[in-house]
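Colleague: I should like to learn how to read a residue and a pocket in a model. May we take one example of each?

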Amino acid sequence: MDTLLLIKAAIMGVVEGLTEFLPISSTGHLILAGSLLGFDDAKAKVFDIAIQTGAIFAVILVYWQKIRATVVALPSSRQAQRFALNVLIGFLPAVVLGLLFGKYIKAHLFTPVVVATTFILGGFVILWAEKRQSAHVRVQTVDEMTPLDALKVGLVQCLAMIPGTSRSGSTIIGGMLMGLSRQAATDFSFFLAIPTLIGAGVYSLYKERALLSMADIPMFATGLVFSFISAWLCVRWLLRYIASNSFVPFAWYRIVFGIIVLVTAFSGMVSWVDS
């Protein structure tokens, strides 16, 4: 067993768990971390997608009561049926556009410079969205969302196919710009992540199964465990944070971090490896 490889897998798992549900791009951070660690070959790319499942288990655990109540009430409750339908509607655009453009995007856009650029642009979008938020709230909870709201958020989620954009950032900030409260946008982003990330993980493992072997199980298991633990802590903290705080600090983090990556890349201070 390669101890160094397991340490790298644990670090990548922590990076995934801490960044997946914050509006700062887990994919972007994984690309940058993988470049620094030398963990960026074809198998590592499959690993990055697969360990998202660990983060999703954390969301399922945190939202278990809502998920269970919805499933139990599905046969008889119109509210539960509408909520489940909204999640399905929000999920479908990512499936369609992911199948159409996913391969091209991975081949041409998964680079540190692209990530840094989208970090910066996304930061300015968050600052703009926060200025508009207080005057445009019309949906306070996920149960008040319409199918059209869900479709719009689902379409915005597709922007996260560009690395560095952030799936959570796209859905949360996009939802806020469309009139969802910060709480409703965050909750729906988490629920939408369940089918989206599980689907992406299963599809990636199946598609790239020829690259994998039984010897990879310890590496993947390590990444999943550390992703789950760090995501569980992060989600619980974020739900408390948004009750009385804005996303402005994350916007400035994105801008500053993106500038640092660009400066170090073009000055040669850090040899970022294009993934």
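Colleague: Where is the place of Thr 171?

Modeller: This is a predicted model, in which local features need pLDDT of at least 70 and side-chain atom pairs count only at pLDDT 80 or more, while totals for chains, interfaces and linings use all residues. Residues are numbered from 1 along each chain as its sequence is written, and side-chain values use heavy atoms, with hydrogens and water left out. Helices are DSSP runs (H or I, at least four residues), numbered from the N terminus. Thr 171 lies in helix H9, residues 167-177.

Colleague: Is Thr 171 buried or exposed?

Modeller: Buried means under 20% relative accessible area, with a 1.4 Å probe and protein chains only. Thr 171 counts as buried because its relative accessibility is 1%.

Colleague: Which side chain has a polar contact with the side chain of Thr 171?

Modeller: A polar contact is a pair of N or O atoms within 3.5 Å; within protein, one must be able to donate a hydrogen and the other to accept it, and residues adjacent in sequence count only if both atoms are side-chain atoms. The side chain of Ser 189 makes such a contact with that of Thr 171, at 2.7 Å. In addition, a polar atom of the Thr 171 side chain lies 2.9 Å from the backbone oxygen of Arg 167.

Colleague: Which helix gives the most to the lining of the largest pocket?

Modeller: On a 1 Å grid over the protein atoms alone, a pocket is an open set of points where a 1.4 Å probe fits, with protein on both sides within 12 Å along at least five of seven lines; lining residues have an atom within 4 Å of a point. Helix H6 gives the most to this lining, with 10 residues.

How values were computed: Helix = DSSP H or I, 4+ residues; strand = E, 2+ residues; numbered from the N terminus. Buried < 20%, exposed > 50% of the residue type's maximum accessible area, 1.4 Å probe, protein only.
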